[in-house]
Amino acid sequence: MAQPLAGQTARRLIKFGKILLWLFLGVILALVICEVQGWSFLREPAQSLLSKQLERDVRLDKPFRLRLLSGIQLDLGHLYISAPEKFNVPHLVDADNIRLKLRYRDLWHYRKQGELRIHEIIVDAIDGQLVRHADGSASWDFPKDESQPASPFPIIETLIVRNGSGHIDDAISATKLKTTFKTDEGAKQAALRSEVSIDGQFKHRPLKAFLETPGFLPVATHDEDSPPIKSKGWLEYGKLRVDFDGQVADLFGRLNIEGSAVVTGPSLSVLGELVGSVFPTTDPFRLSASLSKQKDIWEVNVDSAKIGRSSLAATFQYDPRSKTTGIPILSGHIDGSRFYLADLAPAFGTLQADGSKPEPVEGRVIPDRPLDLPSLNLMDADITIKLDYMELGNAFALPISPFKAKLGLDKGKFMIGEILAQTADGTLTGSFSVDAHEDKNLDQAHYPPQWRIQLGWKDIDLGKWLQVSKARQEEARKQGKPVPPAYITGTLNGHTDLTGKGSTTAELLGSLNGKTTLFVEHGEISRLIMELLGLDIAQSVSAWLGGDQSQRLQCAVMDLKASDGVVRPEVALIDTPVTLVLIDGSIDLGQEELDLLLAAKPKNFSPFTVRSPIRVQGSFAAPKVRPEAAPIAARLLGSVALAFVNPLAAILPYLDSGSSSATHPCGQALSASSPQDSGTPPENVSSPPPPSPVPVVPGH
């Protein structure tokens with residue numbers, strides 16, 4: 001009985017084994033058939049699944065061939081991924097003839113480590129349409145599981161794109177670019193075989209760029225320990241040109257960069273606009289610099305900077321997200337072998353931000369171009385400035401050498417402080433600041449940028465400082481005479497403290513308030529100048545023919561007060577043994593109008609002396625000079641002298657600590673020219689104003 005049961009069981013097992021074998025052979029046969037057919041029946045289910053997962057139309061067009069032996073290989077004739085309708089573009093991705101290869105061990109590694117490695121991607125042609133609206137919505141946004149961590153960019157061992165193109169339209173960054181690219185690279189290739197070209201607009205300016213590398217793959221790897229890859233390219237932005245030669249690594253990670261760059265352009269402000277930093281408007285420039293970016297920190301060493309006629313060098317560190325403030329900060333120092341003060345003029349409105357000249361306003365000379373002061377809120381800065389040589393212009397024989405200062409920018413508050421400059425045996429100290437910080441609680445239109453200028457001059461030798469004009473030098477050489485002296489010599493001291501507001505140079509000057517005090521002592525002044533101020537025709541001609549001999553300067557003081565852009569002298573006089581000149585009236589910086597009276601009293605006799613005050617009126621662009629009627633000359637001279645008495649008495653102790661208003665040459669000059677009748681002031685002249693606040697004059 002046991003033997004039949006054992007035989008029956010054996011037969012059943014054999015039958016079951018045959019069934020399993022046939023099933024296995026059937027599966028193998030089915031797999032072979034599917035493999036031969038390329039699993040074409042999976043195309044539509046995969047297409048439906050992807051469309052559902054991505055929530056947009058996905059098409060996997062024939063030929064569709066999938067291979068699963070020894071790895072996964074997909075050959076696809078055409079891939080189409082749509083963009084949401086509101087973006088009004090034909091597709092997100094459109095690609096032809098795609099091959100994708102993955103190894104099973106790489107999929108196992110991805111399952112365990114979360115890092116995907118792709119063996120090979122080959123694409124004949126691919127086009128991407130990337131659009132982002134101002135609200136932040138983008139055509140490349142896909143549904144995401146917020147509970148899952150972000151996946152790193154996959155590592156691709158071989159990438160071949162024979163014809164790539166793309167269109168980028170980003171409303172947030174004001175970018176509209178068309179790109180073309182191609183690459184044929186493997187993991188170990190070193191020749192320059194990958195390139196990308198860009199053409200379009202960025203921040204409403206035309207932009208073109210080209211980059212070539214041995215491949216995109218080493219650049220795109222997420223492995224921060226991967227070696228950098230050589231990169232070379234250029235970029236044109238407006239009239240700006242950047243040439244770069246260096247190394248790039250970890251593009252989708254830390255984006256580390258090492259290399260050198262040469263930058264040329266019409267103005268530094270265009271470069272600042274490109275990189276999102278705050279740079280001033282300047283003359284055309286050329287920079288040569290080495291760059292390094294590690295862990296988000298930029299190190300920039302500017303070996304040579306030619307800006308206008310100036311030659312500078314600098315070292316900067318740029319942190320795009322300061323730990324303390326959360327906004328970018330630029331620190332470092334600026335050095336210079338030669339700097340021309342005139343090269344600062346574009347920053348105050350003589351040029352447009354892109355370096356072009358603004359359209360002139362008829363009848364106006366002060367620049368009225370809006371300065372880009374709101375951009376001061378985009379970045380903080382802490383920079384040391386040391387210039388070996390600052391050229392002031394043709395009127396000055398000596399430069400400022402050296403010039404030292406600290407440049408600071410803190411939440412929209414800009415300052416050049418700790419100024420210490422030396423020239424002609426004297427010093428210049430002070431600060432210059434602009435408060436352009438933006439307060440959300442204030443209406444910026446009613447709170448314009450606030451300016452302040454504080455400067456002091458001490459012991460500057462005018463004889464050494466001022467330049468004799470080339471015309472006078474040439475005339476003296478032609479006549480075989482020695483080079484004449486400067487028109488005025490002596491020691492200059494003074495102080496200025498002015499405030500203003502506005503977003504243009506014209507608005508600033510038109511709102512000035514404060515005081516400026518200047519005085520010259522122990523000096524001489526050109527006899528020609530004094531005779532011309534006195535309208536002494538005979539002696540002026542004599543000075544031209546016989547030589548311009550200097551005269552001792554007994555007193556020279558100017559104490560100017562600015563109120564809402566109107567500058568008036570509280571005291572303005574020049575006195576020599578030959579002539580006393582008093583200056584009264586006003587200069588309206590806001591309206592650009594002059595109304596000055598130069599009352600001169602020659603102390604010597606000349607038959608051709610015209611004893612009439614000079615009236616200077618009109619606009620800055622077209623001033624008019626005419627003499628006043630002679631009968632009122634004496635009254636005007638006395639009126640001006642009387643008006644100066646009290647203000648002069650207030651400042652004399654600070655001009656010369658050993659003098660008083662009664663003994664100082666300035667006081668004596670006014671006493672001699674004031675009306676002798678002390679009972680009533682002259683006709684049409686108001687009583688002298690009360691003493692004004694005394695300015696602090698360095699060293700006195």
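This is a tour of one predicted model, stop by stop, with a selection to make at each.

**Whole chain**

Start with everything shown. The chain has 700 residues, and buried residues make up 41% of them. Color by secondary structure: 12 helices and 33 strands appear. Turn on the surface. The chain exposes about 38,100 Å², with 58% of that supplied by carbon and sulfur atoms. Contacts reach far along the sequence. Among those between residues at least 6 apart, 54% join residues at least 24 apart.

**Helix α1 and its patch**

Select residues 2-37, which form helix α1 and include leucine 31. Now pick out Leu21, Trp22, Phe24, Leu25, Val27, Ile28, Leu31, Val32 and Val36. Together they make a nonpolar surface patch of about 870 Å². Center on leucine 31. Its relative accessible area is 39%, so this residue counts as partly exposed.

**Glutamate 85 and helix α3**

Go to glutamate 85. It sits in a loop, with β2 (72-81) on one side and β3 (93-102) on the other. Is glutamate 85 buried or exposed? Exposed: its relative accessibility is 79%, and the cut-off for that class is over 50%. Add arginine 56 to the selection. The two C-alpha atoms are 9.8 Å apart, while the sequence separation is 29 residues.

Next, select residues 104-113, helix α3. One of its 10 residues is buried, so this helix lies largely in the open. Step on to glycine 114, which follows α3. Its phi is positive, near 80 degrees.

**The strand run β9 to β13**

Select residues 194-202 and 205-213. These are β9 and β10, an antiparallel pair held over nine bridges. Look for glutamine 201; its bridge partner in β10 is proline 206. The two strands form a hairpin with two residues between them. Lysine 203, in the turn, has a positive phi of about 55 degrees.

Follow β10 to its pairing with β11. Six bridges join them, again antiparallel. Pick glutamate 212 and look across to lysine 232 in β11, which stands opposite.

Add residues 229-237 and 240-249, strands β11 and β12. They run antiparallel and share nine bridges. This hairpin also has two residues between its strands. Which residue of the β11 and β12 hairpin takes a positive phi? Glycine 238 does, near 60 degrees.

Extend to residues 256-265, strand β13. It pairs with β12 in the antiparallel sense, over nine bridges. Find glutamine 247 and look opposite: glutamate 258 in β13 is there.

While the strands are on screen, show side chains. In a regular strand they alternate between the two faces of the sheet.

**Salt bridges**

Side chains of opposite charge can pair when their charged atoms come close. A search of the whole structure finds 19 salt bridges. Three are worth a stop.

Stay at the hairpin and select glutamate 236 and arginine 241. Glutamate 236 stands opposite arginine 241 in β12. Their side chains form a salt bridge, 2.9 Å from N to O. Glutamate 236 is partly exposed at 30% relative accessibility, and arginine 241 is partly exposed at 26%. Add Asp243: Glu236, Arg241 and Asp243 are linked in a salt-bridge network.

Jump to arginine 364 and glutamate 592. The N to O distance in this salt bridge is 3.4 Å. Arginine 364 lies in the loop between β17 (329-340) and β18 (380-387), and glutamate 592 in the loop between β30 (579-588) and β31 (593-602), so the bridge ties together parts 228 residues apart in sequence. Check both ends on the surface. Arginine 364 is partly exposed, with a relative accessible area of 34%, whereas glutamate 592 is buried at 1%.

Last stop: arginine 452 and aspartate 497. These side chains meet in a salt bridge of 2.9 Å, N to O. Arginine 452 belongs to strand β23 (residues 450-461) and aspartate 497 to strand β24 (residues 491-501), so the pair ties together parts 45 residues apart in sequence. Arginine 452 is partly exposed, with a relative accessible area of 35%. Aspartate 497 also counts as partly exposed, at 23% relative accessibility; the buried class is kept for values under 20%.

How values were computed: Residues are numbered from 1 along each chain as its sequence is written. This is a predicted model: local features need pLDDT of at least 70, side-chain atom pairs count only at pLDDT 80 or more; totals for chains, interfaces and linings use all residues. Side-chain values use heavy atoms; hydrogens and water are left out. Helices (H or I, at least four residues) and strands (E, at least two) are DSSP runs, numbered from the N terminus. Buried means under 20% relative accessible area, exposed over 50%, partly exposed in between (1.4 Å probe, protein chains only). Contact means heavy atoms within 4.5 Å. Accessible areas come from the Shrake-Rupley method with a 1.4 Å probe; for residues, only the protein chains shown count as cover. Patches are made of residues with over 30% relative accessible area and no salt bridge: like charges are joined within 9 Å, nonpolar side chains (Val, Leu, Ile, Met, Phe, Trp, Tyr) within 5 Å. A salt bridge is a side-chain nitrogen of Lys or Arg within 4 Å of a carboxyl oxygen of Asp or Glu. Two strands pair if DSSP finds at least two bridges between them.
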